[in-house]
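Dear colleague,

I am handing over the structure below, together with some notes on what turned up when I went through it. Please read the notes with the coordinates open beside you.

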Amino acid sequence: MDGGHTVGAVARIAKVTVRTLHHYDEIGLLSPRARTRAGYRRYDEADLTRLQRILFYRELGFPLEEIATILDDDSVSPSEHLRRQHRLLTDRIAHLQELAAAVEHAMEAEKMGIQLTPEEKFEVFGESYREEWESEAEQRWGDTEAWAQSQRRTGSYSKADWERIKAEADALNARLVELFTAGEPADGGPAMDLAEVHRQHICENFYDCTFEIHRGIAGMYVADPRFTEVYERLAPGLARWLHDAMLANAAFRTGEQA
């Protein structure tokens, strides 16, 4: 018999190697139903259908021994094989969707936050830096546009960018301490000007800090001991003074009451 498909033709159709087909024949997983007069393998349509099922189960990670058991089960009809394949594919699709979602999440996570190693974070921000602040901030504001905007911006920042931002913040703090210790009132022009510099620093480097948001930040400076401590270590009473200056600045520039 010279009809049917040659092993080379089947290899091309199924995108497998001839060696793979020879192996399947040797272990009895796929032995072609016919041979030529010269003894060469010939694959008919039933052989190709079986090969399709073999490759399907292989794609899903089934071992060859288990595939042989599945395919040689005479109690399973061709339609049941299709239903089983459909069910397995549906499960695999759901699993791949979960993996894709996990990868997307990882990609977003890579873009978010300060792109520094833990050692670099402590080097740039000093001993007062706490890694848990990042996760806490995400829990508090992760669903806000300000948070999303901040993550988009900071995701591309290098260590040099953070060093620049830290230097700007340190310079601003030094000016705040100078005004405060000189007895400048929190609702005076110089203090409000520095409060506005503080707001603009956030706008330029993180997100569009509205006066409403800036008021909220001011509230944290006196309500959260951790934020209060940051300024109290610079000068006792500075946290409250800066809070008052920020509220006064917002009121002055918006025409609202502080």
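How many helices and strands does the chain have? The chain has 13 helices and two strands. Please keep in mind throughout that this is a predicted model, and that every value below was computed from it.

Some overall figures come first. The chain has 258 residues, of which 36% count as buried, and it exposes about 15,500 Å², with carbon and sulfur atoms supplying 55% of that area. If one takes the contacts between residues at least 6 apart in sequence, 59% of them join residues at least 24 apart.

Turning to the interior, the largest nonpolar core has 30 residues, and those with the most contacts inside it are Leu176, Tyr207, Ile217, Leu238, Trp241 and Met246. Four elements give two or more residues to this core, namely helix H9 (159–181), helix H10 (189–205), helix H11 (211–223) and helix H13 (238–254); H13 gives the most, with seven residues. Trp241 may be a convenient place to start looking: leaving out residues up to four places away in sequence, Trp241 touches Leu176, Leu179, Phe180, Glu184, Pro185, Ala186 and Ala191. Apart from the largest core lies another one, of 19 residues, and among them are Leu21, Leu30, Leu60 and Ile70.

Which residues lie closest to the centre of the second largest pocket? This pocket has a volume of about 210 Å³, and of the 13 residues that line it, Arg33, Ala46, Arg50, Arg53 and Leu71 are the closest to its centre. Helix H3 (45–59) and helix H5 (78–111) each supply at least two residues of the lining, and the largest share, five residues, comes from H3. By residue type, the lining divides into five nonpolar, four polar and four charged residues.

Three single residues also seemed worth setting down, and they can be taken in turn.

Is Arg199, which has its place in helix H10, buried or exposed? Arg199 has a relative accessible area of 10%, and because the cut-off for buried is under 20%, Arg199 counts as buried. Its contacts, leaving aside neighbours within four places in sequence, are with Cys209, Thr210, Phe211 and His214.

Ile213 has its place in helix H11 and is partly exposed, with a relative accessible area of 30%. With neighbours within four places in sequence again left aside, Ile213 is in contact with Ala146, Tyr207 and Asp208. Ile213 and Ala146 are 67 residues apart along the chain, while their C-alpha atoms are separated by 9.3 Å.

Lys15, finally, is found in the loop between helix H1 (7–14) and helix H2 (18–26). Most residues other than glycine have a negative phi, whereas Lys15, although it is not a glycine, has a positive phi of about 60 degrees. Lys15 is exposed, with a relative accessible area of 76%.

With kind regards

Conventions:
Residues are numbered from 1 along each chain as its sequence is written. This is a predicted model: local features need pLDDT of at least 70, side-chain atom pairs count only at pLDDT 80 or more; totals for chains, interfaces and linings use all residues. Side-chain values use heavy atoms; hydrogens and water are left out. On a 1 Å grid over the protein atoms alone, a cavity is a set of points where a 1.4 Å probe fits but cannot get out, and a pocket is an open set with protein on both sides within 12 Å along at least five of seven lines; lining residues have an atom within 4 Å of a point. Grid points are joined across faces, edges and corners, and a volume is the space filled by probe spheres set on the points. Ala, Val, Leu, Ile, Met, Phe, Trp, Tyr, Cys and Pro count as nonpolar, Asp, Glu, Lys and Arg as charged, and the others, Gly among them, as polar. A nonpolar core is a set of buried Ala, Val, Leu, Ile, Met, Phe, Trp, Tyr and Cys residues joined through side-chain atoms within 4.5 Å. Buried means under 20% relative accessible area, exposed over 50%, partly exposed in between (1.4 Å probe, protein chains only). Contact means heavy atoms within 4.5 Å. Accessible areas come from the Shrake-Rupley method with a 1.4 Å probe; for residues, only the protein chains shown count as cover.
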